[in-house]
Amino acid sequence: MSMAVNGTETGSLPLPPTPSISESGLTEVVKDEDYYLEGHYMEFEVEGYSFRLPSHAFSDESSYFAEVYNLADHGTDGGDAIKLNDVSRSDFYCLLKVVCPPTFSLQLNLSQEEWVSVLKLSTKWKFLRLREMSKKELDKMPRVESWSLQKVSLGWQLYITSWVSEGLVELARRHDIITEEEALQIDLQIPRAACKLYRIRELEARVKKVSGREAYGIRDLTPDTGYAVYFFYWVLQLQHVTD
């Protein structure tokens, strides 16, 4: 809907609140809804490094974080620094690249490793918008060979069900064998999962051998093979977490 102000068409843009006149005759200043930022500056301490940051950058993203660290009672004017003893400086710095970018840019330019750091801390502190953003950015990135294993590990740790199941399927389909090191990493997250993956790959190899197809490697999970039913039932059992 278009509006006109002093004869000028404004299009569909909403008008800001009009300052009112107080009883004393003075104009009352109205706080802008978007750019009047509440809060104050506060200090964080991470691994011996000090960070001075606006409180709104954290409280606006996570009421959980604001409550846990009592942001309302912390400030740089004589207040004590908030010590984040359970996070690394590198992970915290990656989160700040998104929450408080040091330079203006229309696009955030973070590496896969940096987005993983953002995902970890945004999950830990319930920065829900940043968690979803970092997950989407990681899903868009070019795949590297180790990503399937990382998806299983990160998905299990950070409650991303889809990554757990996708990573397991990719490992089952993969032509290359699952190495001993990879098996140990899988079992650290999901006990005996590597053993089940080995069994699934062996069953598929036997199916292919009997049917005259290539007998090495799993590259086509299909519902008509017996092991596939077992496999997907097992994956569903693992999905004890939700996105």
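1. Within strand β4, R52 is the bridge partner of E43, and this pair is a convenient entry point to the sheet of a model that is predicted. Residues are numbered from 1 along each chain as its sequence is written, local features need pLDDT of at least 70, side-chain atom pairs count only at pLDDT 80 or more, and totals for chains, interfaces and linings use all residues. Side-chain values rest on heavy atoms, with hydrogens and water left out.

2. Strands β3 (residues 41–46) and β4 (residues 49–54) run antiparallel and are joined by six bridges, where strands are DSSP runs of E with at least two residues, helices are runs of H or I with at least four, and both are numbered from the N terminus. Two strands are taken to pair if DSSP finds at least two bridges between them. The hairpin of β3 and β4 has two residues between the strands, and in it E47 takes a positive phi near 50 degrees.

3. On its pairing with β5 (residues 82–83), β3 runs in the parallel sense over two bridges, and E45 stands opposite K83 of β5. The outcome is an open sheet of three strands in the order β4-β3-β5, with mixed pairing; β4 and β5 are the edge strands, each pairing on one side only.

4. In a regular strand the side chains alternate between the two faces of the sheet. Along β3, M42, F44 and V46 point to one face and are buried, whereas Y41, E43 and E45 point to the other and are not (buried means under 20% relative accessible area, exposed over 50%, partly exposed in between, with a 1.4 Å probe and protein chains only).

5. Helix α3 lies across β3 and β4 and runs at about 20 degrees to β4, with axes taken as lines fitted to C-alpha atoms, for helices over the stretch in contact, and angles running from 0 to 180 degrees between N-to-C directions. Helix α3 (residues 89–99) also packs with helix α4 (residues 112–124) at an angle of about 90 degrees, with their axes 8 Å apart, and the two are therefore roughly perpendicular to each other (angles under 35 degrees count as roughly parallel, over 145 as roughly antiparallel, 65 to 115 as roughly perpendicular and the rest as oblique). D91, F92, C94, L95, K97 and V98 of α3 meet E114, W115, S117, V118 and L121 of α4, contact meaning heavy atoms within 4.5 Å.

6. Helix α6 (residues 147–158) packs with helix α8 (residues 180–189) at about 15 degrees, their axes being 9 Å apart, and α6 and α8 are therefore roughly parallel to each other. The contact is made by L149, S153, W156 and Q157 of α6 together with E182, Q185, I186 and Q189 of α8.

7. For α6 and helix α7 (residues 161–173), the axes come within 7 Å and cross at roughly 150 degrees, and these helices are therefore roughly antiparallel to each other. In this contact W147, S148, K151, V152, L154, G155 and W156 of α6 meet W163, V164, E166, G167, L168, E170 and L171 of α7.
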